[in-house]
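Welcome to my notebook. I sat down with a structure that was new to me and wrote down what I looked up, one topic at a time.

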Amino acid sequence: MDKLIFLIPLLPFLGFLVNGLLGRRLGDRAVAIIGCASVAGAFAISVSSFLQVYDAKPDTFLQQDFGAWIQAGDLSVSFGLVIDSLSGVMCLVVTGVGLLIHIYSTGYMKGDAGYYRFFAYLNLFMASMLVLVAADNIVLMFLGWEGVGLCSYLLIGFWYKGLANCSAGIKAFVVNRIGDLGFLLGIFAIWAVFDSFKFSDIVADAATKDSSAAFWICLLLFVGACGKSAQIPLYVWLPDAMAGPTPVSALIHAATMVTSGVYLLARLGPLFDAAPGVLTIVATIGALTALLAALIAFSQNDIKKVLAYSTVSQLGYMFLAAGMGAYSVAIFHVVTHAFFKALLFLGAGAVIHSLHHEQDMRRMGGLRRRLPWTFALYLIGGLALSGFPLTAGFFSKDEILHVAHSGLGNIGPRGVLWGIGLLTALFTAFYTFRQIALVFFGSYRGASEPQASEESAAHGLELDKVKESPLSMRIPLIVLAALSLTGGFLAIPHFLQPGIEIPEDGKISGLIIGGIVSIAGIAAALTIYLRFPQALKGFISSAPGKLAHRLSSRKFYVDEIYQKLIIRPIGIMAEICFYVVDRLIIDILLVHGSGFGASALGHLLRRLQDGRTPTYAAWFLAGAIVVLAVTLWAAGG
Amino acid sequence: MDALVFLISGILMIASGLLVVTRKNPVYSAILLVVFFLLTSLNFLVLRSPFLAVIQVLVYGGAIMVLFVFVLMLLNLTEEELDEKVEPARKLLAGAGSVLLFALLAWAIHSSERIQAAGDTDLTGPVNDSAARAGETREIGQSLFSEHILPFEFTSILIFIAIIGAIYLTKTRSANERRTTEPAVEQPEERA
Amino acid sequence: MTLSLDLCLYLCAAVFSIGVYGVLSRQNIIVILMSLELMLNGVNLAIISFGRYFITPEGSALSGTGASSSQIFVIIVLAIAAAEAAVGLAILLAVYRRWRSARVSDMRLLKG
């Protein structure tokens, strides 16, 4: 079996080639089969590989090396894949959730003109993501890293006819580029310090190196992780990325790609352990991101935007855990989050699909009777996200809070971080059930409510025309719901970090506090939105409420601040460069100048050539005199 | 005595040369050129080159001059055609250029270490024993047909080509031929 | 009175420069060709002078060639001068036939 792991990324890549090159001729059905089958194959191999790793002793891994990929002087990058416990878990999640989302997409994208294109991109994404996860060195990982970035860009702008979609794609690409710069610099620094790109070498030597070197390397890598995993200050692209089709949001922007930053930290865990300063930064940024995104999620009206901010918030949780040195806990949350967030996104997609591409929650409501399946499944996802006791999110989130409270390492302001985490848990439960209340409870507002925003399609669909989505979309939801309910019982941290020492004391009380907070948030949201909507309106219209609401709904003006502080100055610089450097110096002086100079010189010189032989003879003599004079002068005569 | 001959003949060379280039009528120029060639031949004699002196008279003073005079006669330029209408400024410029060239050449001769190393060596004085017969016909002949046979043959080819070229250029084509082969050539703008 | 090498060379330079003056200042092609002959004679005289110097006891050490080399050189220059005169005069005849002019300024086809 260990000879087959190269097929894990290769199968989706072949699917991409076939779908991308021949998809137009093959027809939608064949495209869907190829797309799903390639991922299913990768999933099967992942499962068997994982079982092999799981059965064996700790610290075993499957490895396959395909020789040198880049060779230049001392520098050599091999094309090698490795499946150990960490990448095995990630491969399982990526291929498993990916497979479900592929199946879902066959129903969701039905009839779209770019059907084959969509599956080609999706398969390319799977291939890149699996290279990222299974790479045995950081340069190969960077290949996958850039590959998923590219696919993210392509899929956000999938409906490329809408300007907003395209600019969202570009925004994601550009913001990621900032992070990638940090990542690249980190790779260079790793080469300078470790003389190797292999994760095994880096991890083995991490403790022996200078701590300041480790600090800078980790800081740079964390910048890369921030970009990809949407942390402060680079999170702004993720909410806009919801412009893409919903399965894309579920797969790329919730379950897999955005967690690759966490995966990077976990992969290089010992290196980060050698840089406690960076870990403090990671934990702090994670906690702040979690809180900020939760606050923004309060007032969003787009069903997917709420989930997007929720994703940013949950990613913050993961970084909080990673910052505590509990990488396995972070990965645990990555896994459970992949389950319930994919479930939520796909559920939201089902709602959107049923409402004919209506995304505004103000035009929903009361859908639980018309969409009972979707409602039930969405509710499970919401409970898991809120951390309702015994769901997947409950265990992973409380593990994080527990680690933050009493856990590992010697990270600075642990009490504050724990407090922020707990507060965010409360907010999470609140905004999740605010959303459920708005979408599924109350009365239907789709037909009557006037057009809420410019982007949403003005269908004015009647409630009795709202239908459940097809079976191909429902089955993945059921599987994901089952995983969301039971995923918490997987003892992933103990599997990934066998030696991890999470103190047992306080664990039970932590779980109880987490459960209470979750239930409190859920209860508060349901009470306010279902029983006392007038009180809420009254609060919003009061002065402090107005301010809070505006801050939250305008996303704390972060986009505006970036616009003013970064984009405007860069724009002005670009204008200066354009007008001064490009127009004046290059165009006018160099391009036109050289042309004009040559022709002016030509006009001057053509007078020398009047066609008269005596003139030529005279110039001949002049030349002879000059040469003679110069020669004599040079000879020192 | 030889040196004195050389000096006088040299001064006369300069004088006749100046007259050659300044006479308006090319016939005078041609006659003065013959004088110049004869004076040069005399100087060759002084410099122990008797063979060349004879050749100078035969080839330059004879063949080439006959060619010149023959062409002059052939063209038979009128008085008006002989008036060259050269602007004084141009003459001045040409004179300045020539003087400058002479000055530079003189400077070069003056500053050349190897020429100055010759110092006062008398070119009319005794010669090296090994070169006692240099310049004589026999010596030149032997050298020309053994040591320098290759340049000699090349020169003969050159002359052959020149003969063909001269014949081709001067051959009068029939009217019939001219019509078909000669392209329309731009007429000169100003015709004296 | 002695005849020194540089004296000969000054004479050659003077003759050559006179030839140059003739080439530049005259319009009549025949005279220009004569001036060219003047220049060639100046050069010939210079070669002979050097050759003469190289067979003196003082100068023989500097000579890299046989005693008659300068003579051969002049013979070749002479042959080329003859060829040049022949071709030059032939061109003159052709030009005169074409344009009825022996003025060098009338030949301005070199202008593109």
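Here are my entries, starting with confidence and then moving on to domains, interfaces and a few single residues.

**Entry: confidence**

I began by reminding myself that this is a predicted model. My opening check was therefore on pLDDT, since where pLDDT is low, the predicted coordinates should not be read in detail.

For chain A I noted an average pLDDT of 86, with 93% of the residues scoring at least 70. Which helices of chain A mark the lowest and the highest confidence? I found the lowest in helix α20 (residues 492-496), at a mean of 69, and the highest in helix α4 (residues 115-134), at 93. I also flagged residues 449-458 of chain A, where the pLDDT is below 50. Beyond near neighbours in sequence, that stretch has 16 contacts in the model.

Chain B has a mean pLDDT of 84, and 90% of its residues reach 70 or more. I put a mark beside residues 180-184 of chain B, where the pLDDT is below 50. This stretch has two contacts in the model beyond near neighbours in sequence.

Chain C averages a pLDDT of 86, and 95% of its residues score at least 70. Among the helices of chain C, I read the lowest confidence in α3 (residues 69-99), at a mean of 89, and the highest in α1 (residues 5-25), at 93.

**Entry: domains**

Next I looked up how the chains are divided. Chain A has domain 1 (137-451 + 462-553), domain 2 (554-606) and domain 3 (611-637). I noted that the C-alpha centres of domain 2 and domain 3 of chain A are separated by 46 Å.

In chain B I found domain 1 (1-79) and domain 2 (136-172). Their C-alpha centres lie 23 Å apart.

**Entry: where chain B meets chain C**

How many residues of chain B are in contact with chain C? I wrote down 100 residues of chain B, in contact with 82 residues of chain C. Together the two chains bury about 8,300 Å², and 71% of that is on carbon and sulfur atoms.

I then looked for polar links. There are zero salt bridges between chain B and chain C, but 12 residue pairs are in polar contact across this interface, with both residues at pLDDT 80 or more.

Which parts of chain B supply this surface? My list of helices that each give at least two residues is α1 (2-22), α2 (26-46), α3 (50-75), α4 (79-82), α5 (88-111), α6 (113-118), α7 (137-145) and α8 (149-170). I underlined α3(B), which gives the most, with 13 residues. Sorted by class, the side of chain B that touches chain C has 57 nonpolar, 24 polar and 19 charged residues.

**Entry: where chain C meets chain A**

I turned to the contact between chain C and chain A, which takes nine residues from chain C and 10 residues from chain A. The buried area is about 850 Å², of which carbon and sulfur atoms give 63%. I counted zero salt bridges here, and also zero residue pairs in polar contact with both at pLDDT 80 or more. On the side of chain C that touches chain A, I noted six nonpolar, one polar and two charged residues.

**Entry: a salt bridge in chain A**

Over all chains the count comes to 10 salt bridges. I picked one of them to look at: the side chains of Asp240(A) and Lys171(A) meet at 2.9 Å, N to O. Asp240(A) lies in helix α9 (residues 237-240) and Lys171(A) in helix α6 (residues 163-194), so this pair ties together parts of chain A that are 69 residues apart in sequence.

**Entry: two backbone details in chain A**

Where did I find a cis peptide bond? One joins Ile232(A) and Pro233(A), with omega at about 5°. I located Pro233(A) in the loop between α8 (211-228) and α9 of chain A.

My last note is on Leu390(A), which has a positive phi of about 75° although it is not a glycine. I placed Leu390(A) in the loop between α16 (372-386) and α17 (392-406) of chain A.

Notes
Residues are numbered from 1 along each chain as its sequence is written. Chains are lettered from A and ligands numbered from 1 in the order in which they are written. Side-chain values use heavy atoms; hydrogens and water are left out. Domain bounds come from an automatic or database domain assignment. Contact means heavy atoms within 4.5 Å. Buried area is the accessible area (1.4 Å probe) that two parts lose on being put together, summed over both. A salt bridge is a side-chain nitrogen of Lys or Arg within 4 Å of a carboxyl oxygen of Asp or Glu. A polar contact is a pair of N or O atoms within 3.5 Å; within protein, one must be able to donate a hydrogen and the other to accept it, and residues adjacent in sequence count only if both atoms are side-chain atoms. Ala, Val, Leu, Ile, Met, Phe, Trp, Tyr, Cys and Pro count as nonpolar, Asp, Glu, Lys and Arg as charged, and the others, Gly among them, as polar. pLDDT is the predictor's confidence in each residue, from 0 to 100. Helices (H or I, at least four residues) and strands (E, at least two) are DSSP runs, numbered from the N terminus.
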